[in-house]
Amino acid sequence: MEPFGVLGVDLSPRDLRETAYEILVGACRSSGSGRRLTYVSNSNSRDRSSQQLSPLSSSSVQRSLSTLELDASAVKKDLGLKTRKKNKSDADRLGGAASEVQSNLVRKRAGVTVGELVRVQMRVSEQTDSRIRRGLLRVAAGQLGRRIESMVLPLELLQHLKPSDFTTQLEYDACQKRILKILEAGLLVHPHLPLDNSQTAPQRLRQILHTASGKPIEIGKQSESMNILRNVVTSLACRSFDGSMSDTCHWADGVPLNLHLYRILLQACFDVNDESSVIDEVDEVLDQIKKTWVVLGINQVFHNLCFLWVLFNQYISTGEIEDDLVFATEKMLVEVEKDANSTNDPAYSKILCSTLSLVLDWAEKMLQRYHETFYRGNLDLMRCVLSLGISAAQILDSGKKNKELDVACSRVDTYIRSSLRSAFSQEREKVISSRKSSKNQRSPLPLLSILAQNICDLAFNEKEIYSSVLKRWHPVPTGVAVATLHACFAKELKRFVSGISELNPEAIQVLLAAEKLEKDLVEMAVADSLDSEDGGKATIQEMAPYETQAVITNFVKSWIQTRVDRLREWVDRNLEQEEWNPQVNKGRFAPSAVEVLRIMDETLEAFFLLPIPMHPLLLPELMCGLDQCLQNYIVKAKSGCGSRTTFIPTLPPLTRCAAASKFSPFKKKDRVPTSPGKKFQNGNKHEDDFFSVPRLCLRINTLYNITKELEALEKRTKTNLRKSGFARDENVASGNFVISVSSCTEGMRQLSEASAYKIVFQELRPVLGDYLYTGETSSSRIEPFLQEVERYLEIISVTVHERVRTRVITDVMKASFEGFMLVLLAGGPHRVFALQDAPIIEEDFKLLTDLFWSNGDGLPLDLIDKLSPTVTGVISLFKMGTDELAEQLKQVVLDSNGASAKSRMPLPPTTGQWGPNEPNTILRVLCNRNDKVASKFLKRTFDLPKKA
């Protein structure tokens, strides 16, 4: 969970911790506590210090602090946190380290106590602490009286820390790299003020940082590189809104860098040996931490929000074992809510939303299944979690227009329903499991009768335990709970009734138990709703009565469901065996479809033979079930066949041609032969493929014939209604298969498109994508592609039904046009075009359109003319000179981006909507233009690389 956002700079937690500690020490010194920075050289102590701080030393410092008998923490009191108790186990853990720390306290006195505690809490070693203080003393010696906010602390430490301050050169280099990354994060990635692209300082700093990544910076006073770095950093850090140089340096107060650093400081409030516990000295620690506000740009509202998150995150990360932390989070949220109502800072609002969203997500995961988490003994925790979730939701929804929505009531309503559904499912599983474990023992009660009694107990338990807590935010929590349980049991009851073939003692017992359960639930709902505005009317209306009558209707519905289920199973089983052999039925109809329609016809005939008086009433239900089965058949018949996007290749990256030369980017040995017809048998190779073009054509024919058969089936159904004496109700037989008919229509469209794009982009790839215009344009033209397309058009003409044939051929033409344009615009590094190639391209496209026109025997000329303008428009760009293309590109980019494009032209995005006035299309023509002017223009304007 991370509400503050990523830094975007390679800074480890240790890097951030050391930086935060440097800021804290510097801020404490600048605030007047100069004695805290006093550095006493102690070689023995330095020799004993280690880079890693042991738990014993940190614990001993805290325990020694407790000997000062500080007053009870005001912060812990306000947040409801308990004061930690000292016990023998604490002393046992301290061992001999306690006496050492006590002697240190005697030597350093109380002035150092809080600072030493913070160091331990932040896991900063004494060696690192000494080095930081030593560096800050050197900074202070050269800049007496200068406050921390008027300097760029990392820059000063970079110059005043020496290799001799570190144990190894590697450690020194790592420190220097960390400081430079902090400068990058604070001045470039997350600056206090947005960077001005017209200024050179940001770019110069990037160059310096890039150079320093490979070679350390010389930090001497007379070092030119250090002076340049200081000037650049100062110019960026001292910017102000009015453009003048500010006395305050902004290098660590940009969001979210400042929040990440501040969070690390706030984490020092938790005991390093018991991370779920807040230290008793939290007041003094927070006083020290708040001195960093001037550097980090933190104010009270940001502090409240960060502290809320730190408390909450600590509760989660420590396994949710210390409930005091979540109670404290709730109290902090009250302050945050006040801040949110009075703060209009966009940066604060963004962090507030992300933080509260995480809190809300966590709370909702618990509340949506509160029966599993809360019980009679921890209702206070439930109340707290509810308060957190609802308050977070209210703050997040406060800016929305719908002010009439009661957020608290709506959320609690959702929690009740979700948790009761989960509890119901668990009760159901318990009953089923119990029945399975005792299957050899005959139970006097049916399963649903036992479940009904258990659900009644669950409802009374809900009223007694949970509703008292929920009542604070919802007027009728018990009513909502019993209505949810009522609906859940209704589903089980409906499933049971639909499975019986006749009334029997078991069925009667279940129906009586359901009737009693419904009576108890309704009484509870009414009792809970007496004081509500509508007297419980809405709740009662939600509880639709259980159907225990209309036995005949249930018989028929059971019969219908059985027949529909059989058909559905048959569809699934036979579709797995369907081979889509184009040789069967002369490629007109798949055998599985014949069987599906036959079973549907027989089912309807059998339905009208049932001795019932409600054929018109139940006929729509039967036809709906059949329609769903048929729709399932249609969906599976077209599944796996692909679509346009399946076969369209990924566009290669944009590149520019090298300076015009005789260079051929495609080696001769890699070229597809100029007569690929002899070697290229791609279509025949995939003849037996499960999704081959002939088999796709069979699927298209099958869907078309299903639509025709459904029309006939509907007519026969109307005839049966008349014969059964329901001539006035013929309308109930109309429009029942509209979903299947529309699915067939959509399926034919998808299959037609998939077939076309499979032919062009997969089957014919060797003569289109791998061959056309590779190397010399004039020696790799379109004739091989036309030959193969013509062969597939013959297959389509023979196989596809004449009523849908034109659609398929039209889709092949669309795919061919698109493939032709992709060769011209996104053909990759093996294709370059010169201005003199335009007539060849234009002639080839004319040959392509002539193929589909076929001297009047093919597609209508007006249809071809309707789909051709996009391609002809693109070809027109190939006729234009390079300078003219460049000017046109500039103009269209300027028109679409406005004045912002004058300073630097943005790279037009790839939209796929090719056209002569589309910026990316013009750009791609220039990318493939084989002359020096185009190459220089693309290099200068977009810095595009050369073709490989």
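Trainee: Which residues make the nonpolar surface patch of about 240 Å²?

Mentor: In this predicted model, the patch of about 240 Å² is made by Val526, Leu530 and Ile540. Ile540 is found in helix 25, which covers residues 537-542.

Trainee: How should I class Ile540, as buried or partly exposed?

Mentor: Ile540 counts as partly exposed because its relative accessibility is 32%, and the partly exposed class runs between the limits of 20% and 50%. For the whole protein, the exposed area is about 45800 Å², of which carbon and sulfur atoms supply 51%.

Trainee: What does the overall make-up look like, in helices and strands, and what percentage of the residues is buried?

Mentor: The protein has 41 helices and 0 strands, and buried residues make up 51% of its 948 residues. If you take the contacts between residues at least 6 apart in sequence, 78% of them join residues that are at least 24 apart.

Trainee: Which residues of helix 14 are buried?

Mentor: Helix 14, residues 282-289, is mostly covered, with 6 of its 8 residues buried. Those buried residues are Val282, Asp283, Val285, Leu286, Gln288 and Ile289, so when you read the list, note that Asp283 and Gln288 stand in it beside Val282, Val285, Leu286 and Ile289, each of them under the 20% limit.

Trainee: And in helix 37, which residues are buried, and what covers them?

Mentor: In helix 37, which spans residues 869-878, the buried residues are Val871, Gly873, Val874, Ile875, Leu877 and Phe878. The cover over these buried residues includes helix 34 (802-825), helix 35 (838-853), helix 38 (882-897) and helix 40 (919-927).

Trainee: How many salt bridges does the structure hold?

Mentor: The general idea is that side chains of opposite charge can pair when their charged atoms come close. In this structure there are 46 salt bridges. One of them joins the side chains of Glu116 and Arg119, with an N to O distance of 2.5 Å.

Trainee: Where do Glu116 and Arg119 sit along the helix, and are they buried or exposed?

Mentor: Glu116 and Arg119 are separated by about one helical turn, because they are 3 residues apart in helix 7, residues 110-121. Both Glu116 and Arg119 are buried.

Trainee: What can be said of the pair Asp129 and Arg133?

Mentor: The side chains of Asp129 and Arg133 meet in a salt bridge at 2.9 Å, N to O. They are 4 residues apart in helix 8, which means that about one helical turn separates them. Asp129 counts as buried because its relative accessibility is 9%, and Arg133 is also buried, with a relative accessible area of 11%.

Trainee: Are Asp850 and Lys846, which form a salt bridge, buried or partly exposed?

Mentor: In the salt bridge of Asp850 with Lys846, the closest N and O atoms are 2.9 Å apart. The two residues lie 4 apart in helix 35, and are therefore separated by about one helical turn. Asp850 is partly exposed, with a relative accessible area of 30%, and Lys846 is partly exposed as well, at 48%. Turning to a network, salt bridges that share partners join Arg14, Glu18, Glu22 and Arg178 into one group.

Trainee: How many cavities of 30 Å³ or more are counted, and what lines the second largest cavity?

Mentor: Rolling a probe the size of a water molecule over the atoms shows where empty space is left. Here the count comes to 6 cavities of 30 Å³ or more. The second largest cavity holds about 70 Å³ of space, and its lining consists of Gly26, Arg29, Leu136, Val139, Ala140, Gln143, Arg146, Ile148, Met151 and Leu153. Helix 1 (13-30) and helix 8 (126-142) are the elements that give two or more residues to this lining, and helix 8 gives the most, with 3 residues.

Trainee: How much space lies in the second largest pocket, and which helix supplies the largest share of its lining?

Mentor: About 540 Å³ of space lies in the second largest pocket. Its lining has 22 residues, and those nearest the centre of the pocket are Lys494, Val497, Glu547, Asn554 and Lys557. Helix 23 (477-499) and helix 26 (551-577) each supply at least two lining residues, with the largest share, 8 residues, coming from helix 23.

Terms used. Residues are numbered from 1 along each chain as its sequence is written. This is a predicted model: local features need pLDDT of at least 70, side-chain atom pairs count only at pLDDT 80 or more; totals for chains, interfaces and linings use all residues. Side-chain values use heavy atoms; hydrogens and water are left out. Buried means under 20% relative accessible area, exposed over 50%, partly exposed in between (1.4 Å probe, protein chains only). Contact means heavy atoms within 4.5 Å. Accessible areas come from the Shrake-Rupley method with a 1.4 Å probe; for residues, only the protein chains shown count as cover. Patches are made of residues with over 30% relative accessible area and no salt bridge: like charges are joined within 9 Å, nonpolar side chains (Val, Leu, Ile, Met, Phe, Trp, Tyr) within 5 Å. A salt bridge is a side-chain nitrogen of Lys or Arg within 4 Å of a carboxyl oxygen of Asp or Glu. On a 1 Å grid over the protein atoms alone, a cavity is a set of points where a 1.4 Å probe fits but cannot get out, and a pocket is an open set with protein on both sides within 12 Å along at least five of seven lines; lining residues have an atom within 4 Å of a point. Grid points are joined across faces, edges and corners, and a volume is the space filled by probe spheres set on the points.
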